[in-house]
Amino acid sequence: MRKPPVPENEANRLRDLERHAVLDTAPEADFDRITRIASKVVGTPIALVSLVDERRQWFKSRVGLDATETPREVAFCAHAIAGTETFVVGDALSDERFEDNPLVTGDPNVRFYAGALLTSSNGNNLGTLCVIDREPRTLTEDQRQILEDLAHLVVRELELRKAASMDHLTGAANRRMFLETAQGEFVRARRYGRNLSAIIYDLDHFKLVNDKHGHISGDEALKVFAGVCQDQIREQDYFGRLGGEEFGLLLVETAGEQALTVVNRMLRELSAVSIRAEDRTFSITASAGVASLRDQDETLGDLMIRADKALYDAKEKGRNQAALDS
């Protein structure tokens with residue numbers, strides 16, 4: 001049995017999958033309809049929406065199969081996500097990659113497999129919409145096209161659910177999604193001994209902005225701030241609105257001094273932006289607290305509390321600046 005290759009973008013792919021917040025969720029009718037159609041169209045007894053995480057393939061939807069997941073190392077879908085097009089195995093027993101795979105030699109006795117990629121809007125292959133038969137067969141071009149069209153529908157459903165976790169005004173993650181994602185990054189950083197920095201921002205004197213320029217201009221200020229921050233971060237970093245004028249940022253694999261440099265650059269960019277309010281313009285500033293992961297941090301809360309303390313220090317020093325937790 002040949003183990004599946006690891007995609008070159010694996011770290012970002014796993015983060016993207018995690019940030020869709022779909023793993024280990026309950027079955028949903030919208031996905032089940034798609035797998036039933038896929039099974040009928042191709043004429044296979046099994047159809048799955050399969051998502052591949054670090055150690056397994058997990059089935060968001062399944063037809064004709066009792067299992068809810070399998071190890072990644074035996075998953076046909078783990079081979080599929082390393083490619084760029086629909087992955088087809090006509091007869092697994094005649095394919096040296098799979099002839100002694102336990103999913104072929106034992107239950108569910110896979111002989112035919114076709115998996116259309118579930119590619120996110122960020123370009124990451126999260127898994128497949130796959131169909132499986134216990135007999136060798138071929139996939140016609142019409143069936144391939146329909147399977148790929150249905151895969152696009154699966155991705156649309158996933159993206160819609162992801163969008164529901166966003167703050168609609170600023171495009172940042174909402175508080176719940178930010179903290180859930182932060183927890184995942186915290187656990188990953190602790191497990192692998194990697195750097196992680198958390199930043200908490202607060203727009204300076206935001207109540208005065210609303211009082212002087214109106215709430216519409218206040219909303220525009222929030223959008224401008226979010227835009228400046230999101231323009232400055234990498235794909236693997238994560239930005240969210242914690243509430244009101246308070247925002248959070250995770251800088252993955254970034255130590256404290258590096259994070260402070262990034263944040264100071266953001267604050268300089270922010271202060272140079274003019275925001276229009278009817279017949280005049282105004283500018284805004286923000287304060288930020290930066291904390292990097294320490295060995296003694298047992299929970300995400302430990303890290304966030306230190307970032308919040310650093311934010312308080314920045315405000316005490318006059319605002320419009322960032323402070324690093326010492």
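Start by selecting strand 7 (196-203) and strand 9 (246-252): the two run antiparallel and are joined by 7 bridges. Strands here are DSSP runs of E with at least two residues, helices are runs of H or I with at least four, and both are numbered from the N terminus. This is a predicted model, where local features need pLDDT of at least 70, side-chain atom pairs count only at pLDDT 80 or more, and totals for chains, interfaces and linings use all residues. Residues are numbered from 1 along each chain as its sequence is written, and side-chain values use heavy atoms, without hydrogens and water.

Now click on Tyr201, whose bridge partner in strand 9 is Phe247.

Next, show the whole sheet. Its 5 strands follow the order 8-9-7-12-13, open and with mixed pairing; strands pair if DSSP finds at least two bridges between them. At the edges you will find strand 8 (238-243) and strand 13 (322-324), each with a single partner, so one side of each has no neighbour in the sheet.

Add helix 10 (residues 300-316), which lies across strands 7, 9, 12 and 13 and runs at about 140° to strand 12. Angles run from 0 to 180 degrees between N-to-C directions, with axes fitted to C-alpha atoms, for helices over the stretch in contact (heavy atoms within 4.5 Å).

Finally, select Val263. Which residues does Val263 touch, not counting those up to four places away in sequence? Look for Ile199, Tyr201, Ala288, Val290 and Ala322.
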